[in-house]
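Student: I should like to learn how the features of a structural model are read. May we go through one together?

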Amino acid sequence: YPVLIQLFLGNSCRFIARPCAINLGIQDSGPHRAQPNAILEKVFTSITKSPDGKRLEGLSKQLDWDVRKIQRWFRHRRNQDKPTTLTKFCESMWRFTFYISIFFYGIRFLWTAPWFWDTRQCWYNYPFQPLTSMLYYYYILELAFYWSLMFSQFTDIKRKDFLIMFVHHLATIGLITFSYMNNMVRVGTLVLCLHDASDFLLEAAKLANYAKYQRLCDAFFMLFGVVFIVTRLGIYPFWILNTTLFESWELIGPYPSWWLFNGLLVILQVLHIIWSYLIIRTASKALVRGKVSKDDRSDVESSSEEEDVTSNSTKGIFSTSSNGSNRLNGHVASGQWTGE
């Protein structure tokens, strides 16, 4: 199933997302390429991609280049290996397609489910609860998708929150598998649907950003932030954790895997708090600057042409992060939001 999803989504990117991006004017061109230089290339490939001050001074004397020019060279060299805006648009497009499809599928299925309206129904007659075909396919699709994310995380765009996302995928796969094996699929569907509620909004914001629809991007991001915080810090602990921690204990009593199951759910809640902090920090900057400026999980490293002609007096305006490429289609100076 994960392989089939990857194949399907890969074809979707090729035949749907790519033409859409091209029609929106998104070019398949990468960031500014570094000027060919054998000495610097050898340092970059064999020694370090981010030389310290002492090495920069040595290279400056050896090449008779200004230190800032060498810094720009290494920045461009790092960025030229990063994916293009078109590639990132296609990645967000297939994620958006899956998230919105699976969310509305889950809502349609759960709307008529009794445990959607009364969480105590998750534990009545447990573990002798029927597994319907719609519930089965809902679970299998979600599990396959997260397995595909686990595999593709090592080849997709690298981001600051790589480790957090890796833990998230492990916890999610563990929860889906564990709940399925123990027939806790009713509460599992609630967790899955709740998490899908905000994900497609984030991908929509990134799509708008890549297409340079800044106001639409800001609106989607703010809506995403509200939905994320309400669902992950409000509904999740007071609805989901309440039924798994207290109602399950009351109705079916303690069971051997109770601690493991709830431990994984609590790990997810800790991750929700971390992400909510990042979202709130981004939104706070947006209120000050008048627009969403930078997602703190961003893979951005400033490399715009504009910076190349900026004087030393502007140092600090364009910050760099640990990895990644320009995610603003060349609009770093305008302070736009950079996406995930």
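**Reading a helical model**

Tutor: Let us begin with one residue: leucine 233 counts as partly exposed because its relative accessibility is 31%. Buried means under 20% relative accessible area, exposed over 50%, and partly exposed in between (1.4 Å probe, protein chains only).

Student: What kind of model is this, and how are residues numbered?

Tutor: This is a predicted model, in which local features need pLDDT of at least 70 and side-chain atom pairs count only at pLDDT 80 or more, while totals for chains, interfaces and linings use all residues. Residues are numbered from 1 along each chain as its sequence is written, and side-chain values use heavy atoms, with hydrogens and water left out.

Student: How many helices and strands does the protein chain have?

Tutor: Helices (H or I, at least four residues) and strands (E, at least two) are DSSP runs, numbered from the N terminus. Here the protein chain has twelve helices and zero strands. Of its 340 residues, 53% count as buried.

Student: Where does leucine 233 lie, and with which residues is it in contact?

Tutor: Contact means heavy atoms within 4.5 Å. Leucine 233 lies in helix H10. Apart from neighbours within four places in sequence, its contacts are Phe228, Phe238, Gln269, His272, Ile273 and Ser276. Between the C-alpha atoms of leucine 233 and histidine 272 the separation is 7.0 Å, although 39 residues part them along the chain.

Student: How is the packing of two helices described?

Tutor: Two packed helices are described by the angle between their axes and by the distance between those axes. Axes are lines fitted to C-alpha atoms, for helices over the stretch in contact, and angles run from 0 to 180 degrees between N-to-C directions. Helix H10 (residues 214-252) packs with helix H11 (residues 258-289) at an angle of about 160°, the axes being 10 Å apart. H10 and H11 are therefore roughly antiparallel, a term for angles over 145 degrees.

Student: Is threonine 189 buried or exposed?

Tutor: Threonine 189 counts as buried because its relative accessibility is 0%. This residue is found in helix H9 (residues 185-210). Leaving aside neighbours within four places in sequence, threonine 189 is in contact with residues including Phe109, Trp115 and Tyr139.

Student: What can be said of residues 220-239?

Tutor: The span is 100% helix and 0% strand, and its end C-alpha atoms lie 26 Å apart. An unreviewed UniProt entry lists residues 220-239 among those given for "transmembrane region"; such annotations may be inferred rather than shown by experiment, feature names are shortened, and positions follow the numbering used here.

Methods
Parallel < 35°, antiparallel > 145°, perpendicular 65-115°, else oblique.
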